[in-house]
Amino acid sequence: MKKNYKLLETLVLSGLAGAAFGVLPAEAAVTVRSADGTETSLTKTEFTSLYGNTYTKSTSGNTVTLSNSTAQSSDIYGGYMKYYGDTSAEADAGVNHNTVTLTNSTARSSYIYGGYMEYYGDTSAEADAVAGVNHNTVTLTNTSASGTSVYGGYVSSSGSAPALNASSNTVEISNTAEKEYGVFTVTGGYTEYGTVTGGYTEYGDANDNTVKITGTKVTDHDEIYLTSVSSDITGGETEFGNADGNTVTLDTITSSSDITGGETESGNADSNTVTLDTITSSGIVYGGRAGNCNNVAEAVLMSVLAVPEEESTETDTITEADPISTSASSNSVTITGSQVKGVYGGYSMMGSTSGNTVEISSSEIRAITGNTDDSTAGLVFGGLSGNGRAADDNRVTFSGGTKVKGVYGGVGQIGSAKGNIVTITDSSVEMEAVGGETGDMVGCIRQPGQPKDAENNQVIVNGSSTIGTVVGGEAAAANTFDEKNGEVQTSGKSSGNTVTINDGTVKNSVLGGHSAMSDAIGNTVNIAGGIIGTESSGTGEADDNAIAGGFAEEGQANNNTVNITGGTLGAMMSLYGGYSEKGSSGNTLNLHTKGNTVKNLGYFQNLNFYVPEGTAAGETMVTVTGNADVSKAVIQAGIEKTTKLAPGQAINLIYDAGGIKTDGTSYSMMSGKDIVGDAGFVDRKAAVKKQDDNTIVVYVPKDEKGTIHPDTKIIPQDRENGINTIKNAGDLVSNAAEGAWKEDHDVDAKFVPYAIVGGYDLHYNTGSYIDSNGMAANVGLIRRIRRDGAIDTVMPFLEYGRSNYASFLDDGARGDGRQHYTGGGVLLRRDLDDGKYYEGAIRAGRLKGDFHGIIDSTALRYDSSAPYVAAQAGAGKIYAKDRDTYDLYGKFFWTHLGSDTATIRNSRGEAKYEFDDINSYRTRLGMRWTRNFDKVRSLYAGIGWDYEFDSKARAFYDAYRTDTPTVKGSSEFLELGWKSKVTSDHPWGVDLKATGWTGKQEGGTLFATVSRSF
């Protein structure tokens, strides 16, 4: 159904004008029920006054219900007690557990109380504090209450009365529109309330009270609210006592005055909660509020200062509560999608405001009435202690596009401001964001003594935030009272504060700590992103358009730090460590970014330049357009190894066309960050110097030769694996030839085809080591030729193999690669009838591969291709005894891997490496025992000893040579095999052999040979 918005608008505007639109249901009802369930129904539906206890004869446990009724300029009480006692009288038990409910009714210019007590006894009267006004409830549903004040519980008493509490009372107001038509079922569709208070007492506690108001708008996108409160909304309020643990929850209403969780003139206002959602208020929001600078508080202060009696104008009597020790702490304010004038998590005129939390999202804090002269409008305080004690450990958080004029985590005007944190995300602060502040009086009275310090406060800026000025800790000037000198201006220190800018925009200044009259010590500014400095202040003041770790106008600025790891600095900004005309020492700049331009640079005694990765020769880290003064400073530079800086080239650390003041300045490189490496992994030492009057640089001296990185040994490991792969392929050739003489004479003069295939998993000890695994294959023909007293064997063949390897150095460096070879050759063998034999083979081919690894935290890769040639010769004698034979032999292997040139590619660039030839000279002595089971089948086992004389893999880059891997040394093996020979009756031959290695070569191989005669 289509909504009738025109009718809706008419109803709302009529309601705003006070017209009585809307139709009440025909059946109006008023009932009063006692605690025992006795119910009285009243015939009247219009009242000037209604007292629950009039009908129940009790001030507690009453239930008053009005439905479709009207109260005009009247008072409605769930329970009412009025007592003017004397010393012999005993007070009533209190006004408790009463309920007042109005539904679909009207209450104009009236007062509604869940429970009410008016007590004017004296101090000798017997009245327990718990016998006040407690646990009462007022509920208004769809009820128009224009100009009406609503209290869950209310106590009015004199100063001579005992403490009477107004606690655990509840006011709940709910006005919801019918969704279909968007109109109220109450007259006029508009509800305006006067004061709404959960619990109020003059002398006693107002604790754990609740106010909950839920309204609605004309439409979701309209600014016309259907529920409004014209005066204060307070959870719990007392003149003398505590207002703790109260709750105010408001949703979709407007308010013309202040909203307070708990309020006291002389006591504590702690642990109160205020939650606002879709609220428009021209008042200020307080989580907890202690003291209002009234005459009572002033009188107490005067008494503390021992003011002569004739000078005091105070006439009221006060309680024993010490207002100077009162607090507004541990309160919580949460605001979403709202507009209010100002916010205080906790406010205390005379005490502490610590541990408060303010969270504001998608809201605007400003003067709703348009009064731009109101200096308090738009300000947010986590905690403010005016002329009181500590404002510590408060938290303020902005998000979701929140807009404010200024924000202060904690302000202790005479007390401390410690550990406060302001976090701003995707929000804007027009003037300043301050983590914690002391001094700067805003109250109506002053205390004697030295203002405390602003310590360990933080401001954190994230996202797309925009802020005028950011100060971590502010120790502002304060006019304090001194008995000897009268009014004195002084301030505390600003120490240990931190500002962190992760993103966003700061228009003017960023100060870690600022002190007007004392020291700024140990403060920190962290800039990781964002834009710092977009508007020139034009004031000429040193703290405008400044980035400073610490700023002391009249004291010393020592041991402050500025860390810049990202972001953009405005050219109008001055960069200071610890600004002070009285003394500046121990201040540090840690700069990690390049391309910065600032107006002035100074007040640093330590400047550390961390040259960013990717910085090129000739680039500048910071350019100064005004005054650059680094006199008596220690300047250090740290440079990444990957920086491309050749001998004779430089990077500018500081450049100032007007000259740099460097009297007594020293220069050095940071330990562990003083080397640059090129694409070939040659490391060269860098240094810092003042190049000329205008420039301080980090550079590589022209005569710096450098050294090649020891991890470059990993590069020729690829070649070392290759030479071992090729030389081990020679074992396949010998394996095929070893059994040729054993074949049956029926296969003489025939070419018998064969194939060998196998795999291996080997570990090469090269001074470091290589783990290699892969496969090898050899195919060819064996032809046996019978001669007098001998058999000659000719064996042409082709070979192929591939491997995957991982090479390791002792320091953890690693390289990985793949290789494959393709080649061919021929083997010749003569077997004499007396058991002696001789053999020789030659083969050649090409080895190709690719390598990737990490050297000095830099990934690299290259491709390789090189020819190889190998030869081998051997001799032995076979002794036969019964079914057994014993083969004693010696062999020599020569393997040559040709030279190669490879382009090493890595993030530093490209470098050409030259690989020298590799020659392997290897000898072998061995013995094999064979048990012949018949003419076909046999089992064999053998042992052997290899010795490698060379196999050094040398690699060169320019004039540098890497460390050289080699497997020079001894290796031993044990073999075991089974064989089935080729005969005239058995055309297939099979040879299975497993070999285990130890020594320079470790691991195992497994090969299978298959032959077939035709």
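Helices (H or I, at least four residues) and strands (E, at least two) are taken here as DSSP runs, numbered from the N terminus. The model is a predicted one, so local features need pLDDT of at least 70 and side-chain atom pairs count only at pLDDT 80 or more, while totals for chains, interfaces and linings use all residues. Residue numbers start from 1 along each chain as its sequence is written, and side-chain values rest on heavy atoms, with hydrogens and water left out.

Cavities come up first. A cavity is a set of points, on a 1 Å grid over the protein atoms alone, where a 1.4 Å probe fits but cannot get out; lining residues have an atom within 4 Å of a point. Grid points are joined across faces, edges and corners, and the volume is the space filled by probe spheres set on the points. Searching the whole structure this way turns up 7 cavities of 30 Å³ or more, and the largest holds about 290 Å³. Its lining runs to 25 residues, with N728, D731, K993, T1005 and F1007 lying nearest the centre. Helix α4 (717–738) is among the elements that each supply at least two lining residues, as are β67 (751–765), β81 (988–999) and β82 (1001–1012). The largest share, 8 residues, is down to α4. Sorted by class, the lining has 11 nonpolar, 7 polar and 7 charged residues; Ala, Val, Leu, Ile, Met, Phe, Trp, Tyr, Cys and Pro count as nonpolar, Asp, Glu, Lys and Arg as charged, and the others, Gly among them, as polar.

Next, the strands, where two of them pair if DSSP finds at least two bridges between them. An open sheet with mixed pairing is built from 5 strands in the order β53-β56-β59-β65-β64. Strands β53 (596–598) and β64 (687–692) sit at the edges with a single partner strand each, so one side of each has no neighbour in the sheet. At the β53 end, pairing with β56 (residues 620–624) is parallel over 3 bridges, and V598 has V624 as its bridge partner in β56.

Strand β72 (residues 858–881) runs antiparallel to β71 (residues 836–855), joined by 20 bridges, with E839 opposite G874. In their hairpin, 2 residues lie between the strands and D856 takes a positive phi near 55°. Strand β72 also pairs with β73, antiparallel over 14 bridges, and A873 is matched there with F892. That hairpin, too, has 2 residues between its strands, and D882 in the turn shows a positive phi of about 55°.

Terms used:
1 Å grid on protein atoms, 1.4 Å probe; cavity = no way out; pocket = protein on both sides within 12 Å on 5 of 7 lines; lining within 4 Å.
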